Amino acid sequence: MTSTQARRMRRPVLQAAIDAGARCTKVDPDLFFRADGEPPATWQAQRAEAIRFCHGCPVRTACEELALRDGDGNNRVDDMVRGGRSGYELVARRELQTQRLKAAVTADEASDEEWKKLTAAAVKLNREARRMPTRSGGMPHQAELQRQQNQKITKLAAKLAVVRAARRARTGWEVAA
(Lines give C-alpha, C1' and ligand atoms only; values in the text may rest on other atoms or scores of the structure.)
Protein backbone atom coordinates (compact mmCIF):
# COMPACT_ATOMS: atom_id res chain seq x y z
CA MET A 1 0.00 0.00 0.00
CA THR A 2 1.35 3.40 -0.93
CA SER A 3 1.07 6.50 1.21
CA THR A 4 -1.30 8.00 -1.38
CA GLN A 5 -3.60 4.99 -1.08
CA ALA A 6 -3.48 5.17 2.73
CA ARG A 7 -4.37 8.88 2.66
CA ARG A 8 -7.49 8.17 0.60
CA MET A 9 -8.81 5.48 2.93
CA ARG A 10 -11.15 5.98 5.81
CA ARG A 11 -10.29 4.97 9.34
CA PRO A 12 -12.17 1.62 9.39
CA VAL A 13 -10.42 0.45 6.21
CA LEU A 14 -7.01 1.51 7.53
CA GLN A 15 -7.64 -0.23 10.84
CA ALA A 16 -8.83 -3.41 9.10
CA ALA A 17 -5.69 -3.45 6.95
CA ILE A 18 -3.51 -3.08 10.03
CA ASP A 19 -5.42 -5.75 11.94
CA ALA A 20 -5.09 -8.17 9.04
CA GLY A 21 -1.49 -7.58 7.98
CA ALA A 22 0.64 -5.88 10.63
CA ARG A 23 3.87 -7.65 11.50
CA CYS A 24 3.95 -6.14 14.98
CA THR A 25 1.07 -8.29 16.20
CA LYS A 26 3.61 -11.07 16.70
CA VAL A 27 6.12 -9.09 18.79
CA ASP A 28 6.18 -7.53 22.22
CA PRO A 29 4.49 -4.08 21.98
CA ASP A 30 7.07 -2.72 24.43
CA LEU A 31 9.52 -2.64 21.48
CA PHE A 32 7.68 0.45 20.20
CA PHE A 33 7.49 2.42 23.46
CA ARG A 34 10.13 3.88 25.76
CA ALA A 35 9.89 2.58 29.31
CA ASP A 36 9.77 5.02 32.22
CA GLY A 37 13.28 5.92 33.28
CA GLU A 38 14.90 4.14 30.32
CA PRO A 39 18.32 5.65 29.52
CA PRO A 40 18.49 7.61 26.25
CA ALA A 41 21.17 5.34 24.75
CA THR A 42 19.06 2.24 25.39
CA TRP A 43 15.97 3.90 23.90
CA GLN A 44 17.90 5.06 20.81
CA ALA A 45 18.97 1.49 20.05
CA GLN A 46 15.46 0.15 20.72
CA ARG A 47 13.89 2.91 18.60
CA ALA A 48 16.24 2.11 15.71
CA GLU A 49 15.30 -1.57 15.96
CA ALA A 50 11.57 -0.72 16.00
CA ILE A 51 11.92 1.55 12.95
CA ARG A 52 13.81 -1.18 11.04
CA PHE A 53 11.09 -3.65 12.00
CA CYS A 54 8.34 -1.30 10.76
CA HIS A 55 10.02 -0.69 7.42
CA GLY A 56 9.49 -4.34 6.49
CA CYS A 57 5.77 -4.23 7.33
CA PRO A 58 3.28 -4.38 4.42
CA VAL A 59 0.85 -2.00 6.17
CA ARG A 60 3.38 0.52 7.47
CA THR A 61 1.83 3.40 5.52
CA ALA A 62 -1.63 2.63 6.91
CA CYS A 63 -0.19 2.58 10.43
CA GLU A 64 1.60 5.89 9.87
CA GLU A 65 -1.57 7.46 8.48
CA LEU A 66 -3.59 6.40 11.53
CA ALA A 67 -0.84 7.67 13.84
CA LEU A 68 -0.99 11.06 12.13
CA ARG A 69 -4.80 11.18 12.33
CA ASP A 70 -4.72 10.10 15.99
CA GLY A 71 -2.23 12.82 16.91
CA ASP A 72 0.42 10.37 18.11
CA GLY A 73 3.86 11.66 18.98
CA ASN A 74 5.08 14.46 21.18
CA ASN A 75 7.47 17.27 20.28
CA ARG A 76 8.86 17.38 23.83
CA VAL A 77 9.40 13.67 24.55
CA ASP A 78 10.73 10.98 22.20
CA ASP A 79 8.96 7.92 23.59
CA MET A 80 7.34 5.94 20.77
CA VAL A 81 7.54 4.53 17.25
CA ARG A 82 4.51 4.08 15.04
CA GLY A 83 4.35 3.44 11.32
CA GLY A 84 8.13 3.46 11.12
CA ARG A 85 8.36 7.00 12.55
CA SER A 86 9.54 8.30 15.89
CA GLY A 87 7.27 10.53 17.94
CA TYR A 88 9.25 13.59 16.85
CA GLU A 89 8.92 12.62 13.18
CA LEU A 90 5.17 12.13 13.53
CA VAL A 91 4.77 15.60 15.01
CA ALA A 92 6.83 17.15 12.20
CA ARG A 93 4.84 15.33 9.49
CA ARG A 94 1.54 16.26 11.13
CA GLU A 95 2.54 19.95 11.16
CA LEU A 96 3.36 19.78 7.44
CA GLN A 97 0.04 18.11 6.63
CA THR A 98 -2.32 19.93 8.99
CA GLN A 99 -4.98 20.80 6.42
CA ARG A 100 -5.01 17.37 4.79
CA LEU A 101 -5.22 15.60 8.14
CA LYS A 102 -8.02 17.89 9.31
CA ALA A 103 -9.98 17.02 6.15
CA ALA A 104 -9.26 13.30 6.62
CA VAL A 105 -10.45 13.34 10.24
CA THR A 106 -13.61 15.22 9.20
CA ALA A 107 -14.23 12.65 6.45
CA ASP A 108 -13.63 9.82 8.95
CA GLU A 109 -16.25 11.30 11.23
CA ALA A 110 -18.72 11.67 8.34
CA SER A 111 -17.92 8.13 7.25
CA ASP A 112 -18.68 6.89 10.75
CA GLU A 113 -22.11 8.53 10.56
CA GLU A 114 -22.68 7.03 7.12
CA TRP A 115 -21.58 3.65 8.44
CA LYS A 116 -24.14 3.89 11.25
CA LYS A 117 -26.87 4.65 8.70
CA LEU A 118 -25.74 1.78 6.49
CA THR A 119 -25.75 -0.61 9.43
CA ALA A 120 -29.20 0.56 10.52
CA ALA A 121 -30.54 -0.04 7.00
CA ALA A 122 -29.03 -3.54 6.96
CA VAL A 123 -30.63 -4.33 10.32
CA LYS A 124 -34.00 -3.05 9.07
CA LEU A 125 -33.70 -5.24 5.97
CA ASN A 126 -32.81 -8.27 8.08
CA ARG A 127 -35.76 -7.72 10.41
CA GLU A 128 -38.17 -7.32 7.52
CA ALA A 129 -36.84 -10.45 5.83
CA ARG A 130 -37.40 -12.51 8.99
CA ARG A 131 -40.84 -11.12 9.79
CA MET A 132 -43.76 -13.41 9.05
CA PRO A 133 -46.67 -11.56 7.47
CA THR A 134 -49.85 -12.35 9.38
CA ARG A 135 -53.48 -11.82 8.59
CA SER A 136 -56.12 -10.43 10.82
CA GLY A 137 -59.80 -9.85 10.23
CA GLY A 138 -60.45 -8.00 6.98
CA MET A 139 -56.79 -8.15 5.86
CA PRO A 140 -55.76 -9.27 2.39
CA HIS A 141 -55.05 -12.89 1.59
CA GLN A 142 -51.75 -14.34 2.88
CA ALA A 143 -50.26 -14.41 -0.63
CA GLU A 144 -50.94 -10.68 -1.01
CA LEU A 145 -49.26 -9.97 2.33
CA GLN A 146 -46.23 -11.99 1.22
CA ARG A 147 -46.08 -10.09 -2.08
CA GLN A 148 -46.16 -6.74 -0.21
CA GLN A 149 -43.39 -7.85 2.12
CA ASN A 150 -41.27 -9.03 -0.81
CA GLN A 151 -41.68 -5.62 -2.46
CA LYS A 152 -40.58 -3.90 0.76
CA ILE A 153 -37.54 -6.18 1.05
CA THR A 154 -36.61 -5.56 -2.59
CA LYS A 155 -36.75 -1.78 -2.08
CA LEU A 156 -34.65 -1.95 1.11
CA ALA A 157 -32.06 -4.17 -0.59
CA ALA A 158 -31.86 -1.79 -3.57
CA LYS A 159 -31.29 1.21 -1.26
CA LEU A 160 -28.58 -0.70 0.58
CA ALA A 161 -26.87 -1.64 -2.70
CA VAL A 162 -26.83 1.99 -3.86
CA VAL A 163 -25.22 3.20 -0.60
CA ARG A 164 -22.64 0.41 -0.67
CA ALA A 165 -21.75 1.09 -4.32
CA ALA A 166 -21.32 4.81 -3.62
CA ARG A 167 -19.11 4.09 -0.60
CA ARG A 168 -16.96 1.67 -2.62
CA ALA A 169 -16.56 4.15 -5.48
CA ARG A 170 -15.65 6.97 -3.10
CA THR A 171 -12.98 4.90 -1.35
CA GLY A 172 -11.55 3.30 -4.49
CA TRP A 173 -13.08 -0.13 -3.91
CA GLU A 174 -15.46 -0.19 -6.88
CA VAL A 175 -15.24 -3.96 -7.17
CA ALA A 176 -15.96 -6.02 -4.08
CA ALA A 177 -13.15 -8.36 -3.13
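Below are some exercises on this predicted model, each with a worked solution.

A word on conventions first. This is a predicted model, with residues numbered from 1 along each chain as its sequence is written, where local features need pLDDT of at least 70, side-chain atom pairs count only at pLDDT 80 or more, and totals for chains, interfaces and linings use all residues. Side-chain values use heavy atoms, with hydrogens and water left out.

**Exercise 1. Work out which residues of α4 are buried, and what follows the helix.**

Step 1: get the terms straight. Helices (H or I, at least four residues) and strands (E, at least two) are DSSP runs, numbered from the N terminus. Buried means under 20% relative accessible area, exposed over 50%, and partly exposed in between (1.4 Å probe, protein chains only).

Step 2: go through the helix. α4 is mostly covered, as 10 of its 11 residues are buried. The buried ones are R60, T61, A62, C63, E64, E65, L66, A67, L68 and R69.

Step 3: look just past the end. There, G71 takes a positive phi of about 80 degrees.

**Exercise 2. Find the largest nonpolar core and say which element gives the most to it.**

Step 1: define it. A nonpolar core is a set of buried Ala, Val, Leu, Ile, Met, Phe, Trp, Tyr and Cys residues joined through side-chain atoms within 4.5 Å.

Step 2: list the members. The largest nonpolar core has 10 residues, namely A6, M9, L14, I18, A22, C57, V59, A62, C63 and L66. Two or more of them come from each of α2 and α4, and α4 gives the most, with three residues.

Step 3: zoom in on one member. Contact means heavy atoms within 4.5 Å. Leaving aside neighbours within four places in sequence, A62 is in contact with M1, A6, L14 and I18.

Step 4: check what lies outside. Apart from this core there is another, of eight residues, including L31, A50, I51 and C54. As background, nonpolar side chains in soluble globular proteins tend to be buried together.

**Exercise 3. Describe the largest cavity, then follow E64 out of its lining.**

Step 1: the grid rules. On a 1 Å grid over the protein atoms alone, a cavity is a set of points where a 1.4 Å probe fits but cannot get out, and a pocket is an open set with protein on both sides within 12 Å along at least five of seven lines; lining residues have an atom within 4 Å of a point. Points are joined across faces, edges and corners, and a volume is the space filled by probe spheres set on them.

Step 2: count and size. The whole structure has one cavity of 30 Å³ or more, and the largest cavity holds about 50 Å³ of space.

Step 3: the lining. S3, R7, T61, E64, E65, L68, R93 and R100 line the largest cavity. α4 gives the most to this lining, with four residues. By class there are one nonpolar, two polar and five charged residues (Ala, Val, Leu, Ile, Met, Phe, Trp, Tyr, Cys and Pro count as nonpolar, Asp, Glu, Lys and Arg as charged, and the others, Gly among them, as polar).

Step 4: E64 itself. E64 sits in helix α4 and counts as buried because its relative accessible area is 7%. Not counting neighbours within four places in sequence, E64 is in contact with G83, R85, L90 and R93.

**Exercise 4. Do the same for the second largest pocket.**

Step 1: its volume is about 280 Å³. Of the 18 residues that line this pocket, the closest to its centre are C24, F32, C63, R82 and G83.

Step 2: α2 (11-21), α3 (40-55), α4 (60-70) and β1 (81-82) each give two or more residues to the lining. α4 gives the most, with three residues.

Step 3: the lining has 13 nonpolar, two polar and three charged residues.

**Exercise 5. Compare D78 and G73 in the loop between α4 and β1.**

Step 1: D78 is found in this loop, and so is G73.

Step 2: D78 is buried, at a relative accessible area of 7%, while G73 is partly exposed, at 23%.

Step 3: not counting residues up to four places away in sequence, D78 touches R34, W43, R47, S86, G87 and Y88. On that basis G73 touches M80, G87, L90, V91 and R94.
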